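Work through the exercises below with the sequence and the model in view. Each task is followed by its solution.

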Amino acid sequence: MKNRLKIERAILDLTQEQLAEKIGVSRQTINSIEKNRFIPSTVLALKLSLLFGKSVNEFFELEDEELL
């Protein structure tokens, strides 16, 4: 799953630590999401969506092999 978290975080000039504190996770979780090593739960994806004012679909995109 592709994501735009790093880009959106940079637009708001937030560090990984600052973002993690705002949504109640560790900095390592943010890092893992940005590096596509961790797929967030629905709740976490919705928290990110609300914080950034964007839809979940604007943050996360399924890759071709995941569509099957």
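**Exercise 1.** What percentage of the 68 residues in the protein chain do buried residues make up?

Solution. The model is predicted: local features need pLDDT of at least 70, side-chain atom pairs count only at pLDDT 80 or more, and totals for chains, interfaces and linings use all residues. Residues are numbered from 1 along each chain as its sequence is written, and side-chain values use heavy atoms, with hydrogens and water left out. Buried means under 20% relative accessible area, exposed over 50%, and partly exposed in between (1.4 Å probe, protein chains only). By this criterion, 32% of the 68 residues are buried.

**Exercise 2.** Give the order of the secondary structure elements and judge the compactness of the protein chain.

Solution. Helices (H or I, at least four residues) and strands (E, at least two) are DSSP runs, numbered from the N terminus. The protein chain has 5 helices and 2 strands. Read from the N terminus, the order is β-α-α-α-α-α-β. The radius of gyration, 11 Å, is close to the 11 Å given by the globule rule for 68 residues, so the protein chain is as compact as a globular protein of that length. Here the radius is taken over C-alpha atoms, and the rule is 2.2 Å times the number of residues to the power 0.38. The C-alpha trace spans about 35 × 25 × 20 Å along its principal axes.

**Exercise 3.** Describe the aromatic pairing.

Solution. A pair of aromatic rings is described by the distance of the centres and the angle of the planes. Rings of Phe, Tyr and Trp (its six-membered ring) pair if their centres lie within 6.5 Å; planes under 30 degrees apart count as stacked, over 60 as edge-to-face and the rest as tilted. The structure holds 2 aromatic pairs. For Phe59 and Phe60 the ring centres are 6.0 Å apart and the planes stand at 35°, so this pair is tilted. Phe59 is buried at 1% relative accessible area, and Phe60 is buried at 9%. Together with Phe52, Phe59 and Phe60 form one aromatic cluster.

**Exercise 4.** Is Glu34 buried or exposed, and which residues does Glu34 touch, not counting residues up to four places away in sequence?

Solution. Glu34 lies in helix H3, residues 27-34. With a relative accessible area of 13%, Glu34 is buried. Contact means heavy atoms within 4.5 Å. Leaving aside residues up to four places away in sequence, Glu34 touches Asn3, Leu5, Lys6, Arg9 and Gln16.
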